[in-house]
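Me: Could you take a close look at a single helix in this model and describe how it sits among its surroundings?

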Amino acid sequence: MTTPQGPSGPPAGQFGGQVELPVCFRHGDRPTGLRCSRCDRPACPECLREASVGYQCVDCVAQGARTQRPFRQRTIAGAELTDELLVVPVLIAVNVLVYVFTAIQAHSIGAVEHSPLFGAWAEFPLAVANGNWWQLITAGFLHVTPIHIVMNMLSLWWIGKDLERILGRIRFTAVYLVSLLGGGVSVLLFADPQQQVAGASGAVFGLLGGVLVVVLRLKLNPGAVIATIVINLVLSVAIPGISVLGHVGGLVVGGLMTAAIIYAPEKNRNTWQFGAVAVAVVALIGLVLVRDTQLAALL
């Protein structure tokens, strides 16, 4: 930074006389022939800073710094780049608190399905058709055993922490919840109407599908992600009591939602992304209504 220099000598008047210089607005004992290019106040060299055009006084520089919008780096989804996590820890805390509450109600940590809250929140297709639509969402916050919740929460942390940073909090929350809904709708459409389902794995599979889409978008090697998906799907089929349909539904919906978000055109990107979420939710609700009419005959 350079410091402006004052005139080499006092300016001469029209007839050779001396012209009295104004004094610096901050230092009353310092005559100066310099002025701020923004506010036009007289200022001595010490009180001026080099600007893009001319020199500005320290007050104008400070005011400009306060009003200037800072530049923020953004991810491929349009989110502000940050290392701070919020949604993933909150989701883990909510799931753990719900599990603790159901264990207290059931007086057991290994048979929480006997909890009244579990009975009201777990997805039961016939109950959903009978008006308990909230089960499509609330079932994703229930877990049956300690190993069930530990595995799901570890997976949520490992997969979700990077995806939240890329998508941002709002977009990540949308992908998580719509994936959860997608898994529930898949169970409602294709599973045994008498089957009861609970767990966050449908939403976690949705995040896994989202990670695959991000890896492809960044042109990285997708081998490790694909292998993880395949292994988990094989385990879903091999281990009794796991809802394969919930996992597949969450995986597909999560992948589609993430693709709609990160491939949205930059112009009016937020509008496109909001529209994609809205269309997905409306489509899933439409499928629920169709299935509702089919199951009504069984009630």
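Reply: Helix α9 covers residues 223–238, where a helix is a DSSP run of H or I of at least four residues, numbered from the N terminus, and a strand a run of E of at least two. Its 16 residues should span 22 Å at 1.5 Å a residue, and the end C-alpha atoms are indeed 22 Å apart, so the two values agree; the expected span is 1.5 Å times one less than the number of residues. This is a predicted model, in which local features need pLDDT of at least 70 and side-chain atom pairs count only at pLDDT 80 or more, while totals for chains, interfaces and linings use all residues. Residues are numbered from 1 along each chain as its sequence is written, and side-chain values use heavy atoms, with hydrogens and water left out.

Within α9, the buried residues are Val225, Ile229 and Ser236, buried meaning under 20% relative accessible area, exposed over 50% and partly exposed in between (1.4 Å probe, protein chains only). Seen down the axis of α9, these buried residues fall within an arc of 35°, so they line one face of the helix; the arc is that of the directions from the helix axis to the C-beta atoms. In general, an α-helix has 3.6 residues a turn, so residues three or four places apart point the same way. The face of α9 turned away from the buried side carries the exposed residues Ala224, Ile231, Val237 and Ala238. The cover over the buried residues of α9 includes α8 (201–217) and α10 (244–262), with contact meaning heavy atoms within 4.5 Å. Helix α10 is also among the elements against which the buried residues of α11 pack.
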